[in-house]
Structure formats: C-alpha cells, structure tokens
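Visitor: Please take a close look at the aromatic residues in this model and how they sit in the interior. A single connected account would suit me.

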Amino acid sequence: MPRSVLSAALGLALAAGLAALPGTAVAAPAAQAASGYTASASAGSAYAGSAAEAADNQAFFQAVMASAKAKQAANPNLATVVVTYDASSAPSFRTQISQAAQIWNGSVSNVQLRAGSAADFRYYEGNDSRGSYASTDGHGRGYVFLDYQQNRQYNSLRVTAHETGHVLGLPDHYSGPCSELMSGGGPGTSCTNPYPNGTERSRVNSLWARG
C-alpha cells in the first residue's frame, strides 16, 4: 500500500509496498500493512501521518483481536482478553518487550499481554530503513519489527511500548506531546516516556471491552 517516505536520512520512514522484513532479521510472513515510529521530518516540522497509515493501524489491531478472540471463545468465562506474543525472534529487545507488556498490563484491565506459544503476534529485530513498525497481512498474522538504529537513537522502551500500542488498537498521533505514548518520535529523541496517558488507557479498555 503506498505511503509517504519521510526522514530518510534518519532511517525512520515507512516505505511503500509489502512490509517484508530485511535479510538481517528472522523471516516473517509477508505483510501489506505497516505503521512506524515516525520522527519529525525536520526541526519544528512534525509528520502528521496519513489515511493509509491509519487504515494500516486498524488492520493490524483487527487481525490481533480476531486471533485473540477466537482463542477466548473456547473459554467464554474469561473476563479479560489475553493477547499472546512471541519475543523469541527479538532477543536483543527481550527486556524492553517484557517491560512494555508490564506497562500495558498495569495500565489497562480488559486486555492483557502474555508471552507464550500459539502467539497472536510476534516481535522481530534487525535493520530496516523504515525504522520500527507494526505490520499484518490482515489474516491474523501480525508482527512488530524493532529497528536497531532507531532504538539506539530513541528511547528503546518507549519505541517498544508505542509499537505495542498499535497491537492494542491505538493509532499514531505524531503531533501529540511527550506525555502521549502514541505521539511516537514526534516530540524528538529527548522524549523517554514509555507510559500511555489516561485517554490512551481508556481507549484501549473501551476497544477490548466491546470487542
């Protein structure tokens, strides 16, 4: 799906077309929807996102939810939806992934993230000019890709928690303040906040309560 290419010099932009993983990462399913942790295009000029990227965010969330809900249907007495992730293909970020899951689990009540097999989505790592992003093929096979360069330039836990926010249904909002997790790289490299704000927490709870 076509999309804008931004911040090429920083290696933080999304690219058009299939979101195939680079050769340095473990192979993942070819995907057509991606959403990245995009920084300001230039000093004082933040990228506002696009309709295509917003649609990609929604496609990723719907794929993960469908996968998690299908498993929950086998145990309808569960009050909380459990989304299972596999971090085995992102060993360099195992700590950040675990911490991001803890942050989200402590922030919302209607959905919880758990490491395990039969994953609803997976984490991968490597080098990619698009930076970090969440992607899906629209059929329940989703993944979060964590880019080495970007995670050195930006706070790695914030990047990981932000991309995990897409898994839970939140869109990018690059023009937001540092206190807003889904503002991503918009506030710049000095922003290290890895926590969702009250509005983001309420939105996730609402999404997963309604299914």
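Guide: Buried here means under 20% relative accessible area. Tyrosine 85 has 8% relative accessibility and therefore counts as buried. The model is a predicted one.

The structure contains 7 aromatic pairs. In one of them, tyrosine 85 and tyrosine 123 meet edge-to-face, with 5.7 Å centre to centre and 90° between the planes. Because tyrosine 85 belongs to strand 2 and tyrosine 123 to strand 4, this pair ties together parts that are 38 residues apart in sequence. Tyrosine 123 is itself buried, at a relative accessible area of 1%.

In another pair, the ring centres of tyrosine 133 and phenylalanine 145 are 5.3 Å apart and the planes lie at 25°, so the pair is stacked. Tyrosine 133 is in strand 5 (residues 133-136) and phenylalanine 145 in strand 6, 12 residues apart, so that distant parts of the chain are linked. Tyrosine 133 is buried at 0% relative accessibility, and phenylalanine 145 is likewise buried at 0%. Both belong to one aromatic cluster with Tyr124 and Tyr143.

Tyr123 also appears in the largest nonpolar core, which has 37 residues; Tyr123, Val83, Trp104, Phe121 and Trp208 touch the most other members. Among the elements that each supply at least two residues of this core are strand 2 (81-89), strand 4 (121-126), strand 6 (142-147) and helix 5. Leaving aside neighbours within four places in sequence, tryptophan 208 is in contact with residues including Phe61, Met65, Val81, Val83, Val111 and Leu168.

Notes. Residues are numbered from 1 along each chain as its sequence is written. This is a predicted model: local features need pLDDT of at least 70, side-chain atom pairs count only at pLDDT 80 or more; totals for chains, interfaces and linings use all residues. Side-chain values use heavy atoms; hydrogens and water are left out. A nonpolar core is a set of buried Ala, Val, Leu, Ile, Met, Phe, Trp, Tyr and Cys residues joined through side-chain atoms within 4.5 Å. Buried means under 20% relative accessible area, exposed over 50%, partly exposed in between (1.4 Å probe, protein chains only). Helices (H or I, at least four residues) and strands (E, at least two) are DSSP runs, numbered from the N terminus. Contact means heavy atoms within 4.5 Å. Rings of Phe, Tyr and Trp (its six-membered ring) pair if their centres lie within 6.5 Å; planes under 30 degrees apart count as stacked, over 60 as edge-to-face and the rest as tilted.
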